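Open the model in a viewer and keep the sequence panel beside it. The stops below can be selected in the order given.

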Amino acid sequence: MSLGGCIILIAVGAILTFATDWHMQGVNLDLVGIILMIVGLIGVTTFSSIARRRRVMVPPSTTVVEEERHHHRDGYTDGYGV
């Protein structure tokens with residue numbers, strides 16, 4: 001579950017707990033709302049701890065330039081003579 005899903009659970013739970021006055025037989029909507037908020041909070045803490053572990057320091061990229069070497073074996077360019 002992503003961070004957005006956890007926040008949605010918290011919001012839906014808060015709406016069920018604090019903003020509704022529905023009464024359903026056999027279902028306590030206040031309790032369902034509190035459970036949704038708790039699950040959302042657990043999800044947020046889990047997501048944040050996992051995201052903190054995934055942050056890895058990446059060293060700055062360096063550009064590697066490969067030189068093209070020309071090997072001339074005519075006796076004068078390599079410094080050894082003939």
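The tour goes from the whole chain to its helices and then to single residues.

**Whole chain.** Begin with everything displayed, and keep in mind that this is a predicted model. Colour by secondary structure: the protein comes to 2 helices and 0 strands. Switch on the surface next. About 7,500 Å² is exposed by the protein, and carbon and sulfur atoms supply 62% of that area. Of the 82 residues, 13% count as buried. For contacts between residues at least 6 apart in sequence, 46% join residues at least 24 apart.

**Helix α1.** Select residues 3–19, which make up helix α1. The helix has 17 residues, and its first and last C-alpha atoms are 23 Å apart, close to the 24 Å expected at 1.5 Å a residue. Now highlight its buried residues: Cys6, Leu9, Gly13, Leu16 and Thr17. Looking down the axis of α1, you will find these buried residues within an arc of 95 degrees, so they line one face of the helix. The general background is that an α-helix has 3.6 residues a turn, so residues three or four places apart point the same way. Rotate to the face of α1 turned away from the buried side, where the exposed residues Ile8, Phe18 and Ala19 sit.

What covers the buried residues of α1? Add residues 29–54 to the selection: this is α2, and the cover includes it.

**Helix α2.** Stay with α2, which has 26 residues. From first C-alpha to last, α2 reaches 37 Å, close to the 38 Å expected at 1.5 Å a residue. Its buried residues are Leu29, Gly33, Met37, Gly40 and Gly43. With both helices on display, you can see that the buried residues of α2 pack against α1.

**Cysteine 6.** Return to helix α1 and select cysteine 6. Is cysteine 6 buried or exposed? Its relative accessibility is 1%, and buried means under 20%, so cysteine 6 counts as buried. Show its contacts, leaving aside neighbours within four places in sequence: Met1, Gly40, Gly43 and Val44 appear. Two of these names, Gly40 and Gly43, were among the buried residues of α2. For a distance across the fold, pick the C-alpha atoms of cysteine 6 and isoleucine 38: they are separated by 9.8 Å, with the two positions 32 residues apart along the chain.

**Isoleucine 7.** Move to isoleucine 7, also in helix α1. Isoleucine 7 counts as partly exposed because its relative accessibility is 48%. Add Leu3 and Phe47 to the selection, and the three residues make a nonpolar surface patch of about 240 Å².

**Asparagine 28.** The last stop is in the loop between α1 and α2, where asparagine 28 has its place. At 45% relative accessibility, asparagine 28 counts as partly exposed. Pair it with threonine 17: asparagine 28 and threonine 17 are 11 residues apart in sequence, and their C-alpha atoms are 9.5 Å apart in space. Threonine 17 is one of the buried residues of α1.

Notes. Residues are numbered from 1 along each chain as its sequence is written. This is a predicted model: local features need pLDDT of at least 70, side-chain atom pairs count only at pLDDT 80 or more; totals for chains, interfaces and linings use all residues. Side-chain values use heavy atoms; hydrogens and water are left out. Patches are made of residues with over 30% relative accessible area and no salt bridge: like charges are joined within 9 Å, nonpolar side chains (Val, Leu, Ile, Met, Phe, Trp, Tyr) within 5 Å. Accessible areas come from the Shrake-Rupley method with a 1.4 Å probe; for residues, only the protein chains shown count as cover. A salt bridge is a side-chain nitrogen of Lys or Arg within 4 Å of a carboxyl oxygen of Asp or Glu. Helices (H or I, at least four residues) and strands (E, at least two) are DSSP runs, numbered from the N terminus. Buried means under 20% relative accessible area, exposed over 50%, partly exposed in between (1.4 Å probe, protein chains only). The expected span of a helix is 1.5 Å times one less than its number of residues. The arc is that of the directions from the helix axis to the C-beta atoms. Contact means heavy atoms within 4.5 Å.
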